Amino acid sequence: MYLIKSDSEKDRTQFCSNVESIVVSMATRQDIHGLKYTITAQQPPKLTVIPFHQGLLASISVYGSLGAKETGLQEMPGFVGAFEVEEAYPIAYDKTWPDNEPTPGVNLVTLFKKRPDIDYATFLDRWHNGHTPLSLEIHPMWNYSRNVVKAQIAGNEAFDGIVEEHFRTRSDLLNPIKFFGNALRMIPNMWRVYADVKRFIHYPTIETYLATEYHVKSLATPS
């Protein structure tokens, strides 16, 4: 996975165009078997219970042989990191739309680091066996791409996890009553999620982005 960032809101259109151009050109390579990206194509709302980062982000997932590591993304302005990840789909949609069209709905991309006072095994256990089932219980997710960072290939920003949570509609994500279950359970569920996140994530490192997903070169199945 490759991360590209920009702090300039006025450059959103150009940022999206630059990422799309290089990713589409990558899709012709024989050593790249699958390719998708999520990008902050729209400005997030300022009034929301989710602390959206106001900067720009592109998260590019490249599936292929070792040679696929040399993508040219490292030379892009705003490149911050390339990571070898272990990807899992606790819940997955069935893709029925053509490549290069936006995935229906919206994507919540979250970058984070583990708490410094717990060991790595505890971090993974609390994330996979505690937080993942809690998220699936509470949030109306349609697709959940959970990426454990195994190695940093390049870049100057390090993360331990990159998560992409997909929702069928903007309302499922941005309406707090829908996002946290229902009107009666919203406040208790907000507390449950907040308390659980703090058990394994170094909270000051969390970055959340409202994004749109594009499959450029589909794999037959997620891997």
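**View 1. At 46% relative accessibility, N100 counts as partly exposed.** Welcome to the first stop, a loop residue: N100 sits between strands β4 (79–91) and β5. Helices (H or I, at least four residues) and strands (E, at least two) are DSSP runs, numbered from the N terminus. Buried stands for under 20% relative accessible area, exposed for over 50%, and partly exposed for what falls in between, using a 1.4 Å probe and protein chains only. What you see throughout is a predicted model, in which local features need pLDDT of at least 70 and side-chain atom pairs count only at pLDDT 80 or more, while totals for chains, interfaces and linings use all residues. Residues are numbered from 1 along each chain as its sequence is written, and side-chain values use heavy atoms, with hydrogens and water left out. Back at the loop, the phi of N100 is near 75 degrees, a positive value in a residue other than glycine. Most residues other than glycine have a negative phi.

**View 2. The largest pocket holds about 530 Å³ of space.** Of the 24 residues that line it, V193, V197, Y203, I206 and T208 are the closest to its centre. A pocket here is an open set of points on a 1 Å grid over the protein atoms alone, where a 1.4 Å probe fits and protein lies on both sides within 12 Å along at least five of seven lines; lining residues have an atom within 4 Å of a point. Grid points are joined across faces, edges and corners, and the volume is the space filled by probe spheres set on them. Try tracing the walls: β5 (106–112), α2 (120–138), β7 (161–167) and α5 (186–197) each give at least two residues to the lining. Helix α5 has the largest share, with four residues. Sorted by class, the lining has 18 nonpolar, five polar and one charged residues. Nonpolar covers Ala, Val, Leu, Ile, Met, Phe, Trp, Tyr, Cys and Pro; charged covers Asp, Glu, Lys and Arg; the others, Gly among them, count as polar.

**View 3. W191, Y194 and Y203 form a nonpolar patch on the surface.** Together these three residues have about 340 Å² of accessible area, computed by the Shrake-Rupley method with a 1.4 Å probe, with only the protein chains shown counting as cover for residues. Patches are built from residues with over 30% relative accessible area and no salt bridge; nonpolar side chains (Val, Leu, Ile, Met, Phe, Trp, Tyr) are joined within 5 Å, and like charges within 9 Å. Look for W191 in helix α5; with a relative accessible area of 56%, W191 is exposed.

**View 4. E164 and K36 form a salt bridge, with their closest N and O atoms 2.7 Å apart.** E164 belongs to strand β7 and K36 to strand β2 (residues 32–39), so this pair ties together parts that are 128 residues apart in sequence. Both partners are buried: E164 has a relative accessible area of 1%, and K36 has 3% relative accessibility. A salt bridge means a side-chain nitrogen of Lys or Arg within 4 Å of a carboxyl oxygen of Asp or Glu, and the structure holds nine of them.

**View 5. R192 forms a salt bridge with E137, with 3.1 Å between the closest N and O atoms.** R192 in helix α5 and E137 in helix α2 are 55 residues apart, so to speak neighbours from distant parts of the chain that the pair links. R192 is partly exposed at a relative accessible area of 28%, whereas E137 is exposed at 54%.

**View 6. D196 and R199 form a salt bridge, their closest N and O atoms lying 3.4 Å apart.** D196 is buried, with a relative accessible area of 10%, while R199 is partly exposed at 36% relative accessibility. Elsewhere, K5, E157 and E207 are linked in a network of salt bridges.

**View 7. P44 and L174 are 130 residues apart in sequence and 9.5 Å apart in space, C-alpha to C-alpha.** You can find P44 in the loop between β2 and β3, where it counts as buried at 5% relative accessibility. Another loop residue to look for is L73, between β3 (56–64) and β4. L73 is buried, with a relative accessible area of 0%, and 9.2 Å separates its C-alpha atom from that of I60, 13 residues away along the chain.
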